[in-house]
Amino acid sequence: MADLPRIAARDWASQPPYLYPEYKSTPLRAPKRPLVPLKHTLSELAQPVYGHEDLGELDHDLTRNAAVNGAPLGERIVVTGRVLDERGRPVRRTLVELWQCNAAGRYVHAVDRHDAPLDPNFLGAGRTMTDDEGRYRFLTIKPGAYPWGNHPNAWRPNHIHFSLFGEHFASRLVTQMYFPGDPLLEHDPIYRSTRPGARERLVSRFDLDVTEPGFALGFTFDIVLRGPLETPMETPR
C-alpha cells in the first residue's frame, strides 16, 4: 500500500485573528485571556443535523425559493464548488448553507437598517447537500455592497456567507466567499485580517464552463476543511 502524503500541521496563522484593530467590533468580543478547551460531551456530539430528506426541492435555488410575485431583481449567478479534506478527497453528503444580502445590499433581517430596498421575492438564504464528489451548487443573485460603519465611508465587498455542518452542530464551520476583481477588497478589514497567501482562498473564480448561456454567470468556490490549504474560517480555535 502506497504511503499517504504527509499532512502539514494546521496553519493557524492563515486564519483570521480574534482581535484585529482595523475591524472595530473585534475589541468588544475578542477574549482577553487564554482560551480553556472543554471536552465535548456525548450529548453535544450527538445533536441532530439536517439530512437530504429535510431539504426542499428549491432550497438550493434562491431565485425561486421565496418568489411571490415573480423573480428577484439582480444579476443571476451560479455558485458551485467542492468541499474537500486536507488530501483533496471529497466530503460527501455534508450540509452546505448560504446566506447573503440582496442585489441592493440589504439583508432580510430585523437589525439591518440600510435604507436600500428589500426584495419581496428574495429571502437570501439557501441550503443543499454535497454529492458523492463533494460538489454543491446554488443558483442565486449577486449580492450588492453595503455600508457598515466600521470606518469612514466603509463598504463591505460583495460576498456570500457559507456554513458547513459535519456529523453534529458542534462541527459547524463558517466562511465568506468574495468575487474576483472587487475593488473594495483592499479596503475591507474583514478580508484583510487574513494574511496574504490565505485570503486569496476566499475569492471565487469566474468559470465560463459553469456559466449558463443566456441565463447566469458561473463562479467556482472550493472549500477545504483542514490542512495547509484550508479555507479561512470564522470559527473558534
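**Close-ups of a predicted model**

**View 1. Arg-93 sits in the loop between β1 (76-84) and β2.** This is a predicted model, and here we zoom in on one backbone angle. Arg-93 isn't a glycine, yet its phi is positive, at about 50°. Most residues other than glycine have a negative phi. As for the side of things facing solvent, Arg-93 counts as partly exposed because its relative accessibility is 41%, and partly exposed covers the range between under 20% and over 50%.

**View 2. Asn-153 is another non-glycine residue with a positive phi, near 55°.** Look for Asn-153 in the loop between β5 (146-147) and β6 (155-156). With 69% relative accessibility, Asn-153 counts as exposed, since the cut-off for that label is over 50%.

**View 3. Val-108, Leu-118 and Leu-123 make a nonpolar surface patch of about 260 Å².** One of the three, Leu-118, belongs to the loop between β2 (95-99) and β3 (125-129). Leu-118 has a relative accessibility of 45%, so it counts as partly exposed.

**View 4. Stepping back, the whole protein has three helices and 11 strands.** Starting at the N terminus, the elements go α-α-β-β-β-β-β-β-β-β-α-β-β-β. Of the 237 residues, 43% are buried. Count the contacts with a separation of 6 or more, and 69% of them come from residues 24 or more positions apart. The accessible surface adds up to about 13,600 Å², with 57% of that belonging to carbon and sulfur atoms.

Note on methods:
Residues numbered from 1 in each chain as written. Predicted model: local features only at pLDDT ≥ 70, side-chain atom pairs only at ≥ 80, totals over all residues. Heavy atoms only, no water. Patch = residues over 30% accessible without salt bridge, like charges linked within 9 Å, V, L, I, M, F, W, Y side chains within 5 Å. Areas by Shrake-Rupley, 256 points an atom, 1.4 Å probe, with all protein chains shown as cover. Salt bridge = Lys/Arg side-chain N within 4 Å of Asp/Glu carboxyl O. Helix = DSSP H or I, 4+ residues; strand = E, 2+ residues; numbered from the N terminus. Buried < 20%, exposed > 50% of the residue type's maximum accessible area, 1.4 Å probe, protein only. Contact = heavy atoms within 4.5 Å.
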